[in-house]
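Subject: Structure for your files

Dear colleague,

Here is the structure I said I would pass on. Please have a look at it before reading the notes underneath.

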Amino acid sequence: MDPMILLRRLGGPVFTLNPDLIERAEATPDTVVTLIGGNKYVICESLDELVELIREYRARIIASAEAMTYDASYPDAHQGPSASQARIRVLSAAVSPGQTPVVPIRKTDA
């Protein structure tokens with residue numbers, strides 16, 4: 001999994017950026033990305049392309065978290081909650097009765 005998104009500076013090289021550090025992005029008409037530390041980057045990608053890259057990046061993180069925390073074929077899945085299953089909390093809003101959880105997350109506040 002790519003830890004960041006790939007962007008191209010306007011007239012410059014490709015670089016990686018952690019989208020969690022973006023404070024704002026503006027189309028001026030060039031796309032300017034401002035990070036929470038105040039650094040600014042003018043990039044070749046449009047604002048819509050940047051938003052889509054961030055959306056894909058976050059979807060990959062959620063999918064990876066799901067793959068790491070939930071396995072329906074877990075050996076004792078039918079024998080009641082085990083220690084590892086007890087650590088998994090399911091987002092109740094994302095699950096309808098009888099459906100497989102969409103995004104299980106680890107329980108950190110118990």
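The notes below cover the salt bridges and then one strand residue. Please keep in mind that this is a predicted model.

Salt bridges

The count comes to four salt bridges. One of them pairs the side chains of Asp-20 and Arg-58, with N and O 3.2 Å apart. This pair links distant parts of the chain, the two residues being 38 residues apart. Asp-20 sits in the loop between strand E2 (14-17) and strand E3 (22-27), while Arg-58 belongs to helix H1 (residues 47-69). Asp-20 has a relative accessible area of 46%, which makes it partly exposed. Arg-58 is also partly exposed, at 39%.

Another salt bridge lies within helix H1, between Arg-55 and Glu-52. Their closest N and O atoms are 2.9 Å apart. The two positions are three residues apart in the helix, so about one helical turn separates them. For Glu-52 the relative accessibility is 34%, and the residue counts as partly exposed.

Salt bridges that share partners also join Glu-23, Arg-24 and Glu-26 into one network. Within it, Glu-23 and Arg-24 form a salt bridge whose closest N and O atoms are 2.7 Å apart. Glu-23 is partly exposed at 45% relative accessibility, and Arg-24 is partly exposed at 35%.

Val-33

Is Val-33 buried or exposed? Its relative accessibility is 1%, and since buried means under 20%, Val-33 counts as buried. The residue is located in strand E4 (residues 31-35).

Which residues does Val-33 touch, leaving aside its neighbours within four places in sequence? On the N-terminal side of the sequence, Val-33 is in contact with Leu-17, Ile-22, Arg-24 and Ala-25. The other contacts of Val-33 are Asn-39, Lys-40, Tyr-41, Ile-43 and Leu-50. Ile-22 lies 11 residues from Val-33 in sequence, and the C-alpha atoms of the two are 6.9 Å apart in space.

Arg-24 therefore appears in both parts of these notes: this partly exposed residue has a salt bridge with Glu-23 and is also in contact with the buried Val-33.

Regards

Conventions. Residues are numbered from 1 along each chain as its sequence is written. This is a predicted model: local features need pLDDT of at least 70, side-chain atom pairs count only at pLDDT 80 or more; totals for chains, interfaces and linings use all residues. Side-chain values use heavy atoms; hydrogens and water are left out. Helices (H or I, at least four residues) and strands (E, at least two) are DSSP runs, numbered from the N terminus. Buried means under 20% relative accessible area, exposed over 50%, partly exposed in between (1.4 Å probe, protein chains only). Contact means heavy atoms within 4.5 Å.
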